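Thanks for passing this one along. Here are a few notes to read beside the structure, set out as short points.

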Amino acid sequence: MELLRENIRARQTLGTSADQVLVEGSIDLPEDSADVTRVILADARILTGGIEPATNRVSLTGSAVFTIVVQADDGQMYSYIWESDFTHAVEVQGCTPKMQASVSPTVEQVNARASTPRRIEVSAVVNLAVTVTFDTEASAITGVEDLDGVQTQTVNAELPRTTGEGSEQLLVQEMAELPAGEPSALRALWWDPCIKITNIVAEAERVNLTGQLVVKVLYATGDAEDPLAQTILTLPLEAS
């Protein structure tokens, strides 16, 4: 009797660990800008940089990109964008430098206040969920040969495997008209993009994606009685 074997490579999850980091700083207004009277909106988005697995921990670098919408002493609405870098280490027991790690950051809270008419203090509480995986190889019995007088039954089993990974940057740039009846836009103050993938087609050595980029936009109208307006813009999205 001879057992037929096949070596199977798979990626297993060691574990997931969560932690928080506080990112804070201050924005000094440009010399030619009007003084701030109050903060209207504060938002932050997290950009991850380096992810480095180490012994029992994962070291992370990234930045928080703050968008602050304010009302100035000239009666107009303005927005300021400011970026603050951070580094943090998340403990993951059993992690080694040869493993793989990924991070899912979410912003729990954003605060902003005008400490002076020329300075805005900002802070963000960021949740970091780190997942550590490792590659392993196992031997599976796929059949039996030279087994006289014994009936065998073959069962098909599906085992998901990762054949490859890839990433790509895509610039989506298109002029969009405001829907009829909405106020005219003086300047965009804040935007919240969301990607909706509607179709995925795998081809030889590439994957084609189609979908939509849905952007929620807060903008200044220049109207003293109704200075703010919001709209939703939908743009086509294609990537390969």
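**Cores and strand pairing**

1. In this predicted model, the largest nonpolar core is made of 27 residues, and Phe 66, Ile 120 and Val 130 have the most contacts inside it. Five strands each bring at least two residues to this core: strand 1 (2–28), strand 2 (36–54), strand 3 (57–72), strand 4 (77–91) and strand 6 (119–145). Strand 6 is the biggest contributor, giving seven residues. As background, nonpolar side chains in soluble globular proteins tend to be buried together.

2. Phe 66 is a good residue to click on. Which residues does Phe 66 contact, leaving aside its neighbours within four places in sequence? Among them are Val 23, Asp 43, Ala 44 and Val 110. The list also includes Tyr 80, Ile 81, Trp 82 and Ser 84, as well as Val 122, Ser 123 and Ala 124.

3. A second core is separate from the one that holds Phe 66. This second core has seven residues, including Leu 213, Val 217, Ala 229 and Leu 233.

4. Now to the pairing of strand 6. Strand 1 and strand 6 run antiparallel and are joined by 26 bridges. If you would like a place to look, find Gln 12, which stands opposite Phe 134 in strand 6.

5. Strand 6 also pairs with strand 5 (residues 100–116), again antiparallel, through 15 bridges. Here Pro 105 stands opposite Leu 128 in strand 6. How many residues lie between strand 5 and strand 6 in their hairpin? There are two residues between them.

Definitions and conventions
Residues are numbered from 1 along each chain as its sequence is written. This is a predicted model: local features need pLDDT of at least 70, side-chain atom pairs count only at pLDDT 80 or more; totals for chains, interfaces and linings use all residues. Side-chain values use heavy atoms; hydrogens and water are left out. A nonpolar core is a set of buried Ala, Val, Leu, Ile, Met, Phe, Trp, Tyr and Cys residues joined through side-chain atoms within 4.5 Å. Buried means under 20% relative accessible area, exposed over 50%, partly exposed in between (1.4 Å probe, protein chains only). Helices (H or I, at least four residues) and strands (E, at least two) are DSSP runs, numbered from the N terminus. Contact means heavy atoms within 4.5 Å. Two strands pair if DSSP finds at least two bridges between them.
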